[in-house]
Amino acid sequence: MDLSCIIITNGKKPVQTNRVINSIVSQNIPNFEIIISGIWKSNNAKQKGEYKFVNAKKAADSGNLAEMRNLACSEAKFDNILVLDDDMFLSEGWYSELTKHGDDFDILTSQVKLPDGTRFWDHCCYLDPNRGHVMLEPEEDSDYTYMSGGMAWVMKRRVFEKLQWDSETY
């Protein structure tokens, strides 16, 4: 599976940005690109694959994550777009687990884990009439599901083209 890997950053924590870059490179993805949007000065990351930088200083300075994501996703060359905030990183074996899902999806979310290994609010529902606001098990579903806990998921290009982030109300 080819991946355009989007990282948004305000440039204030280059160690984190390099950590997420290194976590992508260490996945041994056969064909990928990395697109960094926002402010990026450091280059202490492993060099493998293709890198692009989208200068979005104004958006980064104002905290407009939506604009940074839209700018970077519009530069993606592959059909599968991985969107990451700079404080996320991919665990060992993430890509091999991703490929097990095949190509028949619109959006795939990842489990978001805290440093102690427990899950964060990565797959949850809100205002569900039967459950309220709870974290769901990976196989559970709800008409009130939302993705939380930072940005770390894969979507098809067609999803981005149809439903972009609202950069006016971010």
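## A tour from strand 1 to a surface patch

Begin by selecting T9, which lies in strand 1, the run of residues 3-9. Please bear in mind throughout that the model on the screen is predicted.

**First stop: T9 and its surroundings.** Is T9 buried or exposed? With a relative accessible area of 2%, T9 is buried, because the limit for that term is under 20%. Now display the side chains of T17 and D86 beside T9. The side chains of T9 and T17 are joined by a polar contact of 3.2 Å. The side chain of D86 also makes a polar contact with that of T9, at 2.7 Å. To view the wider surroundings, add the residues in contact with T9 other than its neighbours within four places in sequence. These are T17, I36, S37, G38, I39, A60, M68 and D86.

**Second stop: the sheet of three strands.** Select strand 6 (residues 124-128), strand 7 (residues 132-135) and strand 8 (145-146). In what order do strands 6, 7 and 8 stand in the sheet? The order is 7-6-8, in an open sheet with antiparallel pairing. Strand 7 and strand 8 are at the edges and have a single partner strand each, so one side of each has no neighbour in the sheet.

**Third stop: the pairings of strand 6.** Turn to strand 6 and strand 7, which form a hairpin with three residues between them. Their antiparallel pairing extends over three bridges. One place to look is D128, which stands opposite G132 of strand 7. Another is C124, whose bridge partner in strand 7 is M135. Keep C124 selected and look towards strand 8, where Y146 stands opposite C124. Strand 6 and strand 8 run antiparallel and are joined by two bridges.

**Last stop: M135 and the surface.** Select M135, which is situated in strand 7. How is M135 placed with respect to the surface? M135 is partly exposed, because its relative accessible area of 32% falls between the limits of 20% and 50%. Finally, add L114, F120 and W121 to the selection and show the surface. Together with M135, these residues form a nonpolar patch on the surface. The accessible area of the four residues together is about 320 Å².

The tour may be reviewed by returning to two residues. T9 in strand 1 is buried, whereas M135 in strand 7 is partly exposed.

Definitions and conventions: Residues numbered from 1 in each chain as written. Predicted model: local features only at pLDDT ≥ 70, side-chain atom pairs only at ≥ 80, totals over all residues. Heavy atoms only, no water. Patch = residues over 30% accessible without salt bridge, like charges linked within 9 Å, V, L, I, M, F, W, Y side chains within 5 Å. Areas by Shrake-Rupley, 256 points an atom, 1.4 Å probe, with all protein chains shown as cover. Salt bridge = Lys/Arg side-chain N within 4 Å of Asp/Glu carboxyl O. Helix = DSSP H or I, 4+ residues; strand = E, 2+ residues; numbered from the N terminus. Buried < 20%, exposed > 50% of the residue type's maximum accessible area, 1.4 Å probe, protein only. Pairing = 2+ DSSP bridges. Polar contact = N/O pair within 3.5 Å; in protein donor to acceptor, adjacent residues only side chain to side chain. Contact = heavy atoms within 4.5 Å.
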